[in-house]
Amino acid sequence: MSGPPPRRSDVRVRRHLAWFVPEVGGVVLDASGRLPVQVVGWCIPSEVDGLAWPGMEPGSVAALACLASVEVAGEPVHEDRVVLVEPVPGAAAPPVDGVWRGDGGAPEGLPAPLAAALASWLAEVTGRAAADPGWPAFAWPGAIAALAGVVAGAGVGKLGHGGFAQRRAWSLATVWASGTAVLKAPTGEWAAEGPVTAALSRVAPDRVPLVLAHGVANHAQRVLPWMVQRRQAGESRVGPEAAVALAAAMGDLVRRAAPHLGDLRAVGLADRRPLAAATEFALVSASPELDALSVDERAVLPELEARVRARLAEMADRGAPSVLAHGDLHAGNALVAADGRVWIIDWTDAAVSWPGVDLLTIVGLDADLDGDEMRAVAAAYRDATGPVLAGWNAEALMAGVAAGVAFHAIAYARIATAAPAAQRWQLAGAVRYLVRRLLRLEGLAT
């Protein structure tokens with residue numbers, strides 16, 4: 001991928017719904033011997049709205065998996081599998097046209113890689129095989145039931161059946177929501193999200209929705225971190241005005257969090273300051289995505305790494321302020337309330353870092369660093385931080401924005417390492433795109 005990801009209008013997702021019903025001991029097929037299929041526009045295949053068998057009754061399902069073939073401009077590009085829903089079974093089985101129990105040929109119309117995934121998943125659900133270590137912890141059979149028990153025990157409601165309903169799941173997290181709260185369970189690599197978000201909600205309760213409870217559910221050989229956060233009313237907004245407002249809100253939060261960075265580090269806030277990032281850039285250099293670069297591009301990668309490390313070291317030598325960074329601050333992770341207040345959510349990638357990291361995602365990873373929108377966003381952010389950036393002038397801040405390209409390349413490389421191999425397509429090309437941007441910024445490519 002030499003540019004941003006394909007346009008969403010070019011993406012189609014064929015979702016095969018694998019509905020396991022314990023009363024019949026297998027996956028239910030329709031009258032034609034196939035899994036029910038939905039063809040939808042762009043989405044992460046596991047987004048849940050409308051993802052159900054017609055007439056599905058609460059309690060009748062032990063597990064519902066989404067097996068998806070994704071096409072871009074008519075060409076198949078990747079496949080995906082995520083366990084979406086795992087309520088406790090209870091209701092009677094619905095009428096069944098056919099059942100596939102993992103023996104014999106796979107259901108019709110299912111691509112071979114997905115057929116193998118379905119067979120593996122069905123074996124796991126029925127206890128005939130050990131769980132595949134490549135699945136996220138929350139996709140293991142019984143994981144959602146374990147999560148439901150610990151969440152209910154914390155006094156914050158129950159999963160499904162009028163309580164929390166699943167909204168989405170992907171390789172790094174599953175998200176459930178009720179009318180008043182949101183439950184998020186990330187993978188173990190992001191276990192600090194709950195305590196960090198809780199600490200931030202205490203520092204700035206008018207910027208970060210209150211965390212009602214957080215903890216860890218034990219399941220099989222893995223742990224499942226979770227948190228429940230107050231559901232905040234608001235909408236995501238895009239455009240230059242919204243970007244400036246988001247930058248000001250983040251700058252305000254940077255100012256208020258500055259005295260508490262030590263406490264935030266103590267509960268798990270990651271260290272992504274310049275010298276730490278310089279060390280972590282090795283993740284980018286080792287990314288398999290770089291194999292698709294041209295011969296000329298690969299030849300200058302050692303020089304690129306040397307220059308990135310040198311720039312980060314220079315930033316540290318100049319005394320770059322240590323500030324709170326969200327790490328993924330785009331419009332979808334901000335909610336604008338009716339009174340205009342900006343709430344900031346999804347602190348999975350939060351870190352203590354350098355000023356400017358978040359401005360790149362506010363405007364866009366492909367933003368013009370010298371453009372009017374970026375300068376307006378940078379000014380709003382700097383003004384809102386108050387004394388935190390005293391002595392750190394506008395030129396230094398823009399240098400931090402440029403170095404933010406390396407920060408985000410590291411973040412995407414880390415995500416790809418943590419994600420199961422079968423689901424790395426979801427962010428495919430991001431590391432390569434950002435490395436190409438770094439090559440251009442350093443004058444090593446045109």
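This passage describes the overall make-up of a predicted model, one helix pair, one aromatic pair and one loop residue.

The chain holds 12 helices and 16 strands. It has 446 residues, and 51% of them count as buried. Contacts across the sequence were also examined. Among those between residues at least 6 apart in sequence, 72% join residues at least 24 apart.

Helix 8 spans residues 301–317, and helix 11 spans residues 394–418. Their axes come within 11 Å. The crossing angle is roughly 135°. Angles over 145 degrees count as roughly antiparallel, and those from 65 to 115 as roughly perpendicular. The angle of roughly 135° falls in neither range, and the two helices are therefore oblique to each other. The crossing of helix 8 with helix 11 is left-handed. On the side of helix 8, the contact is made by V308, L312 and M315. Helix 11 contributes A399, G400, A403 and A406. Six residues of this contact are nonpolar and one is polar. None is charged. Glycine counts as polar here, so G400 of helix 11 is the polar one.

Helix 11 also takes part in an aromatic pair, through F407. A pair of aromatic rings is described by the distance of the centres and the angle of the planes. A search of the whole structure finds one such pair. Its members are W354 and F407, with ring centres 5.9 Å apart. The ring planes stand at 90°. Planes over 60 degrees apart count as edge-to-face, so this pair is edge-to-face. W354 lies in the loop between strand 16 (351–353) and helix 9 (357–363). F407 lies in helix 11, so the pair ties together parts that are 53 residues apart in sequence. Both residues fall under the 20% cut-off for burial. W354 has a relative accessibility of 1% and therefore counts as buried. F407, at 5%, also counts as buried.

D30 belongs to another loop. This loop runs between strand 2 (26–29) and strand 3 (37–40). The relative accessibility of D30 is 23%. Partly exposed residues lie between the limits of 20% and 50%, so D30 counts as partly exposed. D30 and P107 are 77 residues apart in sequence. In space, their C-alpha atoms are 9.9 Å apart.

Definitions and conventions:
Residues are numbered from 1 along each chain as its sequence is written. This is a predicted model: local features need pLDDT of at least 70, side-chain atom pairs count only at pLDDT 80 or more; totals for chains, interfaces and linings use all residues. Side-chain values use heavy atoms; hydrogens and water are left out. Axes are lines fitted to C-alpha atoms, for helices over the stretch in contact, and angles run from 0 to 180 degrees between N-to-C directions. Helices (H or I, at least four residues) and strands (E, at least two) are DSSP runs, numbered from the N terminus. Angles under 35 degrees count as roughly parallel, over 145 as roughly antiparallel, 65 to 115 as roughly perpendicular and the rest as oblique. A crossing is left-handed if the near helix is turned anticlockwise from the far one by less than a right angle, and right-handed if clockwise. Contact means heavy atoms within 4.5 Å. Buried means under 20% relative accessible area, exposed over 50%, partly exposed in between (1.4 Å probe, protein chains only). Rings of Phe, Tyr and Trp (its six-membered ring) pair if their centres lie within 6.5 Å; planes under 30 degrees apart count as stacked, over 60 as edge-to-face and the rest as tilted.
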